[in-house]
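Okay, thanks for making time, everyone. I'd like to walk you through one model today, so have a look at the screen and we'll go from there.

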Amino acid sequence: MAITLNNGFQMPIIGLGVWRMEKKAIKDLIIESIKIGFRHFDCASDYKNEAEVGEALCEAIKTGLLWNTDHGHVVEACKHSLKKLQLDYLDLYLVHFPISIRHTGIGATGSPLDEDGVLDIETNISLETTWHGMEDLVSLGLVRSIGISNYDIFLTRDCLAYSKIKPAVNQIETHPYFQRESLVKFCQKHGICVTAHTPLGGADANTKRFGTVSCLDDPILKGIAEKYKKTVAQIVLRWGIQRNTVVIPKTSKFERLKENFKVLEFELAKEDMDVIQAIDKNYRSNIQPAKFWGIDLYA
């Protein structure tokens, strides 16, 4: 099952995220996921595991992400990722976050802070400049499709205005507690596929990392799961797919890989989709930059 992007290429509607995945476990997990049927893998330079992913993904569909320190060095950053992934091209390459920070070298994916302990933001590189660098990647044959990540409506609208090649994807946090219906509909109206990078609301990992609450514990979702004899995670992923969004859950457990892929085997009734729509809390669980960067970028 796939979504056709605005340039004609297709992207599988469910993928596997590798953020925070242990390096020693990646190869076996990815090989097993390929056997199950996964053909969409979400990687990033900042995840610091591209080399390990590359060992297992040489002949599979890949996704890359441009880290914030590389906005003025787009082509070099992409080539660096391609080398580590052992690939000639990427199917999709995204701007990881709509902000440029001090460049510390290709492949150096830290978040440099200034003398006050605040994220060292560059003010001489615009998102438009970065995007034109992304367009160069397509012209050079290094990537097939390009997109954005963590862009709101205003930034997405601007990108549409200055782009020669329209973004094919906007990868954002969205789940039942953070549905972002206006942003999702805006992107879809303008031919931009929405990918949910935290489709389960972060689960236990984000509770530990950010102290946030997971939608997987919601009693309404648990009730729907019992009705369909599925797990709550399967219900949430299926809800995302039926919104016509791509979902890329992360897991380090083999049994969960199979469980996640089986969401393609059932459908939720409209009445249950409506019930889930009603539990939106406008609650962000994943990206909390102020915790690490000393600045609230959403202020």
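**A serine, a histidine and two cores**

Let's start with one pair: the side chains of Ser145 and Asn7 make a polar contact, at 2.8 Å. Before anyone asks, yes, this is a predicted model.

So where does Ser145 sit? It's in strand β7. Buried or exposed, then, for Ser145? Ser145 has a relative accessible area of 2%, and anything under 20% counts as buried, so buried is the answer. If you skip the neighbours within four places in sequence, the contacts of Ser145 include Leu5, Asn7 and Phe9, and also Asp91, Leu92 and Tyr93. Ala168 is in contact with Ser145 too.

Tyr93 brings us to the neighbouring strand. β6 and β7 run parallel and are joined by 5 bridges, and in that pairing Tyr93 stands opposite Ile146 of β7. Now, how many residues of β6 are buried? It's 6 of the 6, so β6 is largely enclosed by the rest of the structure. A quick reminder while we're on strands: in a regular one, the side chains alternate between the two faces of the sheet.

Right after that strand there's a residue with an annotation. UniProt lists His96 under "binding site", and that comes from an unreviewed entry; such annotations may be inferred rather than shown by experiment. In the model, His96 is in the loop between β6, which covers 90-95, and α4, which covers 127-139. Its relative accessible area is 10%, so His96 counts as buried.

Following the chain out of β7, you get to Asn150, in the loop between β7 and α5. Asn150 is one to look at in your backbone plots, with a positive phi near 60° in a residue other than glycine. As a rule, most residues other than glycine have a negative phi. Asn150 is buried, at 13% relative accessible area. Lys229 also has a positive phi near 60° and isn't a glycine either. Lys229 is in the loop between α8 and α9, but at 74% relative accessibility it counts as exposed.

**Helix α6**

Next, a helix with two sides. In α6, residues 181-189, the buried residues include Leu183, Val184, Phe186 and Cys187. Why do those four end up on the same side of α6? Because they cover an arc of only 165° around the axis. The general background is that an α-helix has 3.6 residues a turn, so residues three or four places apart point the same way. On the other side of α6 you find Ser182, Lys185 and Lys189, which are exposed. And what covers the buried residues of α6? The cover includes α5, β8 and β9. After α6 comes Gly191, with a positive phi near 75°.

**The cores**

Zooming out to the packing: the largest nonpolar core has 43 residues, and Val169, Ile235 and Leu268 have the most contacts inside it. Among the elements giving two or more residues to this core are α1, β6, β9, α8, α9, α10 and α11. Which one gives the largest share? That's α9, with 7 residues.

Leu268 is a nice place to click. Leaving aside neighbours within four places in sequence, Leu268 is in contact with Ile224, Tyr228, Ile235, Arg238, Trp239, Gln242, Met273 and Ile276. There's also a second, separate core of 20 residues, which includes Leu85, Leu142, Ile148 and Cys159.

Ile224 turns up again when you go to Val275, which is in helix α11, residues 270-277. Beyond the neighbours within four places in sequence, Val275 is in contact with Ile220 and Ile224. Val275 and Ile224 are 51 residues apart in sequence, yet 9.2 Å apart in space, C-alpha to C-alpha. Val275 is partly exposed, with a relative accessible area of 35%.

**The whole chain**

Last bit, the overall numbers. The protein chain has 12 helices and 10 strands. Of its 299 residues, 53% are buried. And if you take contacts between residues at least 6 apart in sequence, 72% of them join residues at least 24 apart.

That's my tour; over to you.

Notes: Residues are numbered from 1 along each chain as its sequence is written. This is a predicted model: local features need pLDDT of at least 70, side-chain atom pairs count only at pLDDT 80 or more; totals for chains, interfaces and linings use all residues. Side-chain values use heavy atoms; hydrogens and water are left out. Buried means under 20% relative accessible area, exposed over 50%, partly exposed in between (1.4 Å probe, protein chains only). Contact means heavy atoms within 4.5 Å. Two strands pair if DSSP finds at least two bridges between them. A nonpolar core is a set of buried Ala, Val, Leu, Ile, Met, Phe, Trp, Tyr and Cys residues joined through side-chain atoms within 4.5 Å. The arc is that of the directions from the helix axis to the C-beta atoms. A polar contact is a pair of N or O atoms within 3.5 Å; within protein, one must be able to donate a hydrogen and the other to accept it, and residues adjacent in sequence count only if both atoms are side-chain atoms.
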